[in-house]
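Here are some short exercises to work through with the model open beside you. Try each task before you read its solution.

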Amino acid sequence: MAPKDKYTVILPTYNERRNLPIIIWLLNRTFTENKLDYEIIIVDDASPDGTLEVAQQLQKLYNPKHILLRPRPGKLGLGTAYVHGLKSASGNFVIIMDADFSHHPKFLPPMIATQKRTGCDIVTGTRYAGDGGVYGWDLKRKLVSRGANLVADTVLRPGVSDLTGSFRLYKKSVLEKVMAKTESKGYTFQMELMTRAVGMGYRVEECPISFVDRVYGESKLGGEEIVEYLKGVLSLWVKV
């Protein structure tokens, strides 16, 4: 009899004290209702708003078996947060997603079903295929996102419709191998992960999702991140 699958969710956080209880409740409900074994690893980068203290309360409420805390001493980058969390992952599948409620856990069952049906290595949530979409963004931000994907698709040709998305399901063994070759630390991390995975021959399937703007707090995407993204695209074009 094959061992039961276990799903590890890695949640990087920074100033998410109001969003965290909502997303944890939804994740717990989703996994419990679908009878799936899971753990959630919260990687907090010393949030000044008390996110870690909220996470500690949630750990007591939902059981340390399901909620693992792996805090860091400062804001060290999104990419390294996933690397840090992966070290503690015990699941054979790893889910990476945002903690700000923009990625709804209701899309996890269809993503998991897609993986089981196809046997693929990665399932990536897409806003730009099928019935996927974006809600709560103004025209400027939609144009920036579409433009970023267009630039990456034209330059890198990864074969996925949403290269900048950050809602994904990986086989843990695949994620470990791809991460070992990934150099980016910030917002280009997701793009490089997918580009390298495709270049290494791993099979990727897409699952339409609805992306909703964060419930509480402010977006961490600014001008510096956009410049970093463009530099990252050019760097990947040279290296991959």
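A residue counts as buried when its relative accessible area is under 20%, and as exposed when that area is over 50%. Keep in mind that this is a predicted model.

**Exercise 1. Decide whether threonine 8 is buried or exposed, and find what surrounds it.**

Solution. Start by placing the residue: threonine 8 sits in strand β1, which spans residues 6–13. Next, take its relative accessible area, which is 0%. Because the cut-off for buried is under 20%, threonine 8 is buried. Now look around it, leaving aside residues up to four places away in sequence: threonine 8 touches Glu39, Ile41, Ala89, Ser90, Gly91, Phe93, Val94 and Ile95. Finally, check the side chain of threonine 8: one of its polar atoms is 3.0 Å from the backbone nitrogen of glycine 91.

**Exercise 2. Work out where the buried residues of helix α6 lie around its axis.**

Solution. First list them: within α6 (residues 172–181), the buried residues are Lys172, Val174, Leu175, Val178 and Met179. They span an arc of only 150° around the axis, so they are on the same side of α6. A general rule helps here: an α-helix has 3.6 residues a turn, so residues three or four places apart point the same way. Last, ask what this set meets: the buried residues of α6 pack against α3 (78–86), β4 (93–96), β5 (122–126), β7 (168–171) and α7 (189–199).

**Exercise 3. Locate leucine 36 and find what it touches.**

Solution. Begin with the chain path: leucine 36 is in the loop that runs between α1 (20–33) and β2 (37–44). Then compare sequence with space: aspartate 5 is 31 residues away in sequence, yet the two C-alpha atoms are 7.6 Å apart. To finish, collect the contacts of leucine 36, again without residues up to four places away in sequence: these are Tyr7, Phe31 and Ile112.

**Exercise 4. Classify cysteine 120 and cysteine 207 as buried or exposed, then count the disulfides.**

Solution. Cysteine 120 has a relative accessible area of 0% and is buried. Cysteine 207, at 5%, also counts as buried. For a disulfide, two cysteine sulfur atoms must be within 2.5 Å. Applying that rule gives zero disulfides.

**Exercise 5. Describe the chain as a whole.**

Solution. Count the elements: the chain has eight helices and nine strands. Then turn to burial: of its 240 residues, 50% are buried. The chain exposes about 11400 Å², with 55% of that supplied by carbon and sulfur atoms. For contacts between residues at least 6 apart in sequence, 80% link residues at least 24 apart.

Notes:
Residues numbered from 1 in each chain as written. Predicted model: local features only at pLDDT ≥ 70, side-chain atom pairs only at ≥ 80, totals over all residues. Heavy atoms only, no water. Buried < 20%, exposed > 50% of the residue type's maximum accessible area, 1.4 Å probe, protein only. Helix = DSSP H or I, 4+ residues; strand = E, 2+ residues; numbered from the N terminus. Contact = heavy atoms within 4.5 Å. Areas by Shrake-Rupley, 256 points an atom, 1.4 Å probe, with all protein chains shown as cover. Arc of directions from axis to C-beta. Polar contact = N/O pair within 3.5 Å; in protein donor to acceptor, adjacent residues only side chain to side chain.
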